[in-house]
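Here's a quick tour of a model you may want to open in your viewer before reading on. We'll go from domains to ligand to helix packing, and finish with a couple of backbone details.

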Amino acid sequence: MASQLAKIRTVAFQGVEAVPVDVQVLISPGVVALSLVGLPDKAVAESRERVRGALQGLGLALPAKRITINLAPADLQKEGSHYDLPIALAMLGAMGVLPASDVAEYFALGELSLDGAITQVSGVLPAAIAANTHHAGLICPAANGAEAVWAGDDMRVLAPATLLSLVNHFKGSQVLSRPVVAAANDHRAVPDLRDVKGQETAKRALEVAAAGGHHMLMIGPPGAGKSMLASRLPGILPPLTAAEALEVTMIHSLAGQLPEGQLVRARPYRDPHHSASLPALVGGGLRAKPGEISLAHQGVLFLDELPEFQRSTLEALRQPLETGKIMVARANYHITYPARVQLVAAMNPCRCGYLADPTRTCGRAPQCGTDYQARISGPLLDRFDIQLDVTAVQVHQLAEPASGETSAVVAARVARARMVQQQRYAGTGVALNAVADGEVLEQCARPDDAGQQLLNAGVEKMKLSARGYHRIMRVARTLADLDGSDGVRRLHIAEALGFRRG
Ligand SMILES: Nc1ncnc2c1ncn2[C@@H]1O[C@H](COP(=O)(O)OP(=O)(O)O)[C@@H](O)[C@H]1O
Ligand SMILES: [Mg+2]
């Protein structure tokens, strides 16, 4: 008899990009064999066994013929277990169980268990978007259906729980309805700035950081309120735009961290523990998932107890902080994930945390503090435009009712200052003061004469490097923007100098 061929499309992930892959199954006369070609990794090679098991669950045996599964293009690395479903569907097409022409109109991804259940996979949203741009429908696991429908209102999405229900759908004996969009989880409680009592300087610094996109380092003893302050930064940043929300959701989808398929609408806030491994932080490891720095994309990355992080991890953060992207190396290629974050770090002034606390004495002070702080390399320290000592408020202040401004009030000022920056930097490729540099910075942040004098004196006194000098200018520019002032003036320089440690 003649050969039978069927094909369906799926995707290979390259960073957040889902690249179309053809899955072709050819059943031809000849020696009984089942081969899989086209640069599959180990997990993909194991698909053969899961597909065999799932078909058995349908009461189907693989034909006793020569079966070739080809993944094309061949030069694209295929990683992961989401190839099970497309392979099974192309197989069923070639066997004549499903109409091959119907199957060809879809992209598919999903993992199969031996009993024919289709189990959840990561990356369904980017796959759905790829399918939609190729005017195809998408077949994905039931658990990922809510996520897939974000890709397009009129796109065909099938999200069966089992292979059997999918076969029945194509036969017409059971109709799979389109998954419904999950209501976005907007009610997640974002902590409010109003809860923070006193701490006027720290709150002001947080507002400045938010307005200009500046990275911020807080140094202070345990219980001073550093974590409390950091967690309130997302609440004073502007909401994500629709495009940003989709981009962030795609990354969380790839990481398999999209509960119930909801679109991520709130600015991400990630606070990985200092014991987190390098791949957990920057991405990589098995299947090259995005790391914390990418999960924090467009949001806040909070690193508490900064000196406790492995040195190699901290060094690996330097490049993405500069470029907004992280490169993850694989065996013989690399992928890139977005990683534009606002970094907030906190640390104790010394190992025990009570350096300079008059109520406690320590035999190792002050050398212990010097050593501890030296764990942060100069180049990393240079990334923090705002460096701030945070001391605990007095106990009696904690007992008073909260009387400060709410996050909403501060957020409005932040939004205004960001608008000013957007207009000023239009067409320059710069978005916020934090990334203004060179010529652009010189032009926009040049202080008035009195400001320049103070800046020069400050640089002299604090022995600042050229980088330190520019950092002061950037922060001063943000202060002027919050003020609604066109020019950077002396008082802006003075306050900016205060956001620097000696
Ligand atoms: N300024 C403050 N206003 C209200 N509560 C505070 C303040 N500072 C500290 N606290 C209380 O102390 C706790 C510890 O603060 P935390 O942010 O964890 O300190 P740190 O991270 O500096 O060790 C907070 O959960 C909060 O209940
Ligand atoms: Mg803390």
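How many residues of domain 2 are in contact with domain 3, and how many of domain 3 with domain 2? It's 22 residues on the domain 2 side and 24 on the domain 3 side. Keep in mind throughout that this is a predicted model.

## Domains and the 2–3 contact

The domain assignment splits the protein chain into domain 1 (4-171), domain 2 (184-397) and domain 3 (405-502). Taken over C-alpha atoms, the centres of domain 2 and domain 3 sit 22 Å apart.

So what supplies the side of domain 2 that touches domain 3? Helix H8 (200-212) and strand S16 (386-389) each put in at least two residues. H8 has the largest share of that side, with six residues. Sorted by class, the side of domain 2 that touches domain 3 holds 10 nonpolar, five polar and seven charged residues.

## Around ligand 1

Ligand 1 has 15 residues around it, and the ones that come nearest are Lys197, Gly225, Lys226, Ser227 and Met228. Which helix gives the most to this shell? That would be helix H9 (residues 226-230), with three residues.

As for chemistry, the shell around ligand 1 is split into six nonpolar, six polar and three charged residues.

## Helix packing towards the C-terminal end

Let's take H20 with H21. Helix H20 (residues 466-483) packs against helix H21 (residues 490-498) at about 125°, and their axes are 8 Å apart. Because of that angle, H20 counts as oblique to H21. The crossing of H20 past H21 is right-handed. On the H20 side the contact uses Ile472, Val475, Ala476, Leu479 and Ala480, which meet His492, Ile493, Glu495, Ala496 and Leu497 of H21. By class, that contact has eight nonpolar residues, one polar and one charged.

H20 also packs with helix H17 (residues 407-425): their axes come within 8 Å and cross at roughly 110°. H17 and H20 are therefore roughly perpendicular to each other, and their crossing is right-handed. Arg413, Ala417, Val420 and Gln421 of H17 make this contact with Thr478, Asp481 and Leu482 of H20. The class count here is three nonpolar, two polar and two charged.

## Helix packing in domain 1

Now for H2 and H3. How do the axes of helix H2 (residues 47-57) and helix H3 (residues 84-94) cross? They come within 9 Å of each other, at an angle of roughly 55°. That angle is why H2 is described as oblique to H3. The crossing of H2 and H3 is right-handed.

From H2, the contact takes in Ser47, Arg50, Val51, Ala54 and Leu55, while H3 brings Asp84, Ile87, Ala88 and Met91. Put into classes, the contact of H2 with H3 comprises six nonpolar, one polar and two charged residues.

## Backbone details worth a look

Two spots in the backbone deserve a glance. Which residues does a cis peptide bond join? Ala72 and Pro73, with omega at about 5°. Pro73 belongs to the loop between strand S4 (66-72) and H3, and H3 is the helix that crosses H2 at roughly 55°.

The other spot is His135, where phi is near 55°, a positive value in a residue other than glycine. His135 lies in the loop between helix H5 (124-133) and strand S8 (137-139).

Definitions and conventions
Residues numbered from 1 in each chain as written. Chains lettered and ligands numbered in written order. Predicted model: local features only at pLDDT ≥ 70, side-chain atom pairs only at ≥ 80, totals over all residues. Axes fitted to C-alpha atoms, helices over the stretch in contact; angles between N-to-C directions. Helix = DSSP H or I, 4+ residues; strand = E, 2+ residues; numbered from the N terminus. Parallel < 35°, antiparallel > 145°, perpendicular 65-115°, else oblique. Left-handed = near helix turned anticlockwise from the far one by under 90°. Contact = placed C-beta atoms within 7 Å. Nonpolar A, V, L, I, M, F, W, Y, C, P; charged D, E, K, R; others polar. Near = placed C-beta within 6 Å. Domains from an automatic or database assignment.
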